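Please look over the sequence and the model shown below, and then read on for a careful account of how the parts fit together.

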Number of protein chains: 2
Amino acid sequence: MTRSMQRVAEAVAQDPAGCAALTVTALAERTGTSEATVVRTARTLGYPGYRDLRLALAALAAQQAAGRAPAVTADIAVDDSIIDVVAKLAHEEQQCLADTAAGLDTTQLESAIAALVGARRIDVYGIGASSLVGQDLVQKLLRIGLIAHSHSDPHLAVTNAVQLRAGDVAIAITHSGRTTDVIEPLRAAFDQGATTVAITGRPDGDIAQYADHILTTSTARESELRPAAMSSRTSQLLVVDCLFIGVAQRTYETAAPALSASYEALAHRRDPRAGR
Amino acid sequence: MTRSMQRVAEAVAQDPAGCAALTVTALAERTGTSEATVVRTARTLGYPGYRDLRLALAALAAQQAAGRAPAVTADIAVDDSIIDVVAKLAHEEQQCLADTAAGLDTTQLESAIAALVGARRIDVYGIGASSLVGQDLVQKLLRIGLIAHSHSDPHLAVTNAVQLRAGDVAIAITHSGRTTDVIEPLRAAFDQGATTVAITGRPDGDIAQYADHILTTSTARESELRPAAMSSRTSQLLVVDCLFIGVAQRTYETAAPALSASYEALAHRRDPRAGR
DNA sequence: CCCGCCCTGAAAATATCTTTCAATGGTGAG
DNA sequence: CTCACCATTGAAAGATATTTTCAGGGCGGG
């Protein structure tokens, strides 16, 4: 590579984004060379011409920009500004979603969905923050006509679990995989012959031995200000949504009308002016 | 946008990477239109000309490839494979988080946090899916020593709302901004002189007139299989998390010990082997 | 000091993009 | 139903950007 070509290559490497905005003429001028040299440089770098180098440059710049944005990996600190908090939280949850999606075993998911579709009755167990996730799932399943119940009271959960039998489904949600109050009802359901599903961050946890299908949530890093409950929730909800969509797809004939029916029924409570 | 321009825009949206490789003439030919139309489309899309659209396209394609972002625009369909469903859901929720973070008014957020920090008592109103979001917020606030209650029963909510007074905070959560059962309690709290906060997707909705501070959630596109409840939840939870972190930051002295205390208290229920 | 090779940029040639303008087809008033 | 009008469209001219050509000139070897 000759001297003037090096100057061009250097300018390009230095500021891809800036150079992507320049025409051959402008880049030649900036580097104190000629158009011909710029084109020759582009060729040397392996592109058919300057036009293509420029496109590649724009792409590179975009990638860099994208890679730089998630540079907010830093933990949320006590003295962060509110703007930082919003940005960091959003980013952490996005990361959490990506991790979960990447780590989710679709075979297990498929099996769990199949079980739900054919279930006579569905029980969901969750305690604390996981209880809300369980309620969310149940709300959704009810909307498409399935019979589902959520239990956060350990005793009632066990009481209900023993009512289950083969063909029914029990779902336990626990981040740690060791929450006794959730494991016990799942075990009861398992012993009754029901199909059992565990949504947990620890697929090797105690709960695994009573679960026919394990859906793994991302074991996100937690910080002092942001306890695990917070990120595990995001992850769990994604799994729950996947389950719901999967079931809705496979029962579309009945799910679609049920969804609109529940919407219609609520319409007048949403906006009284809409009349009934 | 005219018909032939739509054809061009569609082709571009369909395959950004492919179109980035085409010249005006080639793209015109592929879409069965003329160069003039392509240029016009580029202008309509906000670029000075086709050249710039092309650069932007290359950048977009690179970003997509980098972020492994799959078919961005595609809706979840009934016949999507489970792998597609997981990818699309995760992506949609990520998008939703980004939208929410971008659209959140940090000034309003800051005010709401300040109100929460000094509150004698906090009431949260939410119905249906929003009720779970409210419970999530309350769980978190309780953990750091604040006095908070969540109400999903409209009558009880109003009953509680009238107990509030200046210095207290009432938070209403409604995606539509028109849920009467949630507006009424907020109004009651407002009339009592409490500081009122609305978490809603419609900052111009009926609820706005009784809200001192409005936190806007992203009004995400919903599809048939994915009702609004689903994406609004993601958005609402981010706002709730921001509130929580904000409050925790400002009450760090008391919040941190409270957080670890609640963790300790639960330790033996998580894993009986840990002893008590 | 001279020769010849290779680097280099000015300018011509080409490709690409943009603008203009007339033809077309659709729409609403008469 | 007809006409006038306007929006839409593409062909072609015009402008710009890119590529190629070619000649001047620096530099090492003889």
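Leaving aside residues up to four places away in sequence, Ala172(A) touches Tyr125(A), Val182(A), Ile183(A), Leu186(A), Ala198(A) and Ile207(A), where two residues are in contact if their C-beta atoms, placed from the backbone, lie within 7 Å. Ala172(A) is also among the residues that touch the most other members of the largest nonpolar core, which has 121 residues, and Leu186(A), Leu243(A) and Leu243(B) are others in that group. A nonpolar core here is a set of buried Ala, Val, Leu, Ile, Met, Phe, Trp, Tyr and Cys residues joined through C-beta atoms within 7 Å. A residue is buried if 20 or more other C-beta atoms lie within 10 Å of its own, exposed if 12 or fewer, and partly exposed in between, with C-beta atoms placed from the backbone. A second, separate core of 37 residues includes Ala11(B), Leu22(B), Ala59(B) and Ala62(B). In soluble globular proteins, nonpolar side chains tend to be buried together.

This is a predicted model, in which local features need pLDDT of at least 70 and side-chain atom pairs count only at pLDDT 80 or more, while totals for chains, interfaces and linings use all residues. Residues are numbered from 1 along each chain as its sequence is written, and chains are lettered from A and ligands numbered from 1 in the order in which they are written.

In chain A, five strands form an open parallel sheet in the order β2-β1-β3-β4-β5. Helices (H or I, at least four residues) and strands (E, at least two) are DSSP runs numbered from the N terminus, and two strands pair if DSSP finds at least two bridges between them. Because β2 (148-151) and β5 (213-216) of chain A stand at the edges with a single partner strand each, one side of each is left without a neighbour in the sheet. Neighbouring strands of this sheet are turned by 15° against each other on average, direction ignored; axes are lines fitted to C-alpha atoms, for helices over the stretch in contact, and angles run from 0 to 180 degrees between N-to-C directions. Six bridges join β3(A) and β4(A) in the parallel sense, and Ile173(A) has Ile199(A) as its bridge partner in β4(A).

In chain B, an open parallel sheet of five strands has the order β2-β1-β3-β4-β5. Four bridges join β4(B) to β5(B), with Ala198(B) opposite Ile214(B). Both faces of β5(B) are covered, since His213(B) and Leu215(B) on one side and Ile214(B) and Thr216(B) on the other are all buried. Helix α8 of chain B lies across β1, β2 and β3 of chain B, running at about 160° to β1(B).

Where do the two chains meet? The contact takes 56 residues from chain A and 56 residues from chain B, and the largest share of the side of chain A that touches chain B, 13 residues, comes from α6(A). The table sets out residue classes, with Ala, Val, Leu, Ile, Met, Phe, Trp, Tyr, Cys and Pro counted as nonpolar, Asp, Glu, Lys and Arg as charged, and the others, Gly among them, as polar.

| Surface | Nonpolar | Polar | Charged |
|---|---|---|---|
| Side of chain A that touches chain B | 34 residues | 11 residues | 11 residues |
| Surface near DNA strand D | seven residues | eight residues | five residues |
| Surface near DNA strand C | six residues | eight residues | five residues |

A residue is near a molecule or strand if its C-beta atom, placed from the backbone, lies within 6 Å of it. Of the 20 residues around DNA strand D, Thr23(A), Gly49(A), Tyr50(A), Thr2(B) and Ser34(B) come nearest, and α4(A) gives the largest share of that surface, four residues. Around DNA strand C there are 19 residues, the closest being Thr2(A), Ser34(A), Thr23(B), Gly49(B) and Tyr50(B).
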